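This briefing covers the nonpolar core, one helix that packs against its surroundings, and one buried polar residue. Please read it alongside the sequence and structure shown here.

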Amino acid sequence: MNFDIQPTQLQNQLIKLAPLKETDFDELFLVAKDKLLWEQHPNKLRYQKLVFQNFFDGAIQSKGAFFIREATTNEPMGSSRFYDYNSSSNSILIGYTFIARKFWGKGYNKALKKLMIEYAFKFVDIIYFHIGATNLRSQKAMEKIGGIKIDQFEVTYFGEESKMNYIYVILKKDYKFL
């Protein structure tokens, strides 16, 4: 079975993921233009349309990005992606995630990670996450779901300066979602 890093539909009781399309820009930017959403992210200016356009272009080119929607209302929530699949090490990365603030603290991020992790573990044994060094909220969320910080290094984002990131890992053999 081949690992499709952008399956057409992943869904659970809280969220649904659909492959991100170029026509999604305006609707997704309505979520992304919230300045406070980005205050802990590596690029704090992604609320600006031109900066977000660059982020969005990288998401489209990744061919692993998703538009996150609320499962029952279809309301746009944000985006995430699979990237850097490595068949030799049997690993994948999950990241570039943002979710509208109105959904914070209500189980949506956990539901998103659970959906993506459990799908990926059908194909790989290792999942890595790059978390911005200043993104304390995401670091705590990663630790709550069993992610282990293993390293740090500079990550160069699509068309942006490099930023310090922490690397977290979850191994299939150790995975126990709460």
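**Nonpolar core**

In this predicted model, the largest nonpolar core has 52 residues, of which Leu17, Phe52, Phe82, Phe98, Ile117, Ile127 and Phe129 touch the most other members. Helix α3 (residues 108–120) supplies the largest share of this core, 7 residues. In soluble globular proteins, nonpolar side chains tend to be buried together.

- Phe98 is one of the core residues that touch the most other members.
- Not counting residues up to four places away in sequence, the contacts of Phe98 include Leu28, Val31 and Ala32, which are buried residues of helix α1.
- Phe98 also touches Phe52, Phe55, Ile68 and Ser79, among others.

**Helix α1**

- Helix α1 spans residues 25–32, and Phe25, Leu28, Phe29, Val31 and Ala32 are buried in it.
- These buried residues lie on the same side of α1 because they cover an arc of only 150 degrees around the axis.
- The face turned away from that buried side carries the exposed residues Asp26 and Leu30.
- The cover over the buried residues of α1 includes α2 (49–62), β3 (65–70), β4 (76–86) and β5 (91–99).

**Ser79**

- Ser79 is part of strand β4.
- Ser79 has a relative accessible area of 2%, so this residue is buried.
- The Ser79 side chain reaches the backbone oxygen of Phe66 at 2.8 Å.
- Beyond its neighbours within four places in sequence, Ser79 contacts Leu20, Leu28, Phe66, Ile68, Tyr96, Thr97 and Phe98.

Technical notes
Residues numbered from 1 in each chain as written. Predicted model: local features only at pLDDT ≥ 70, side-chain atom pairs only at ≥ 80, totals over all residues. Heavy atoms only, no water. Core = buried A, V, L, I, M, F, W, Y, C linked by side-chain atoms within 4.5 Å. Buried < 20%, exposed > 50% of the residue type's maximum accessible area, 1.4 Å probe, protein only. Helix = DSSP H or I, 4+ residues; strand = E, 2+ residues; numbered from the N terminus. Contact = heavy atoms within 4.5 Å. Arc of directions from axis to C-beta. Polar contact = N/O pair within 3.5 Å; in protein donor to acceptor, adjacent residues only side chain to side chain.
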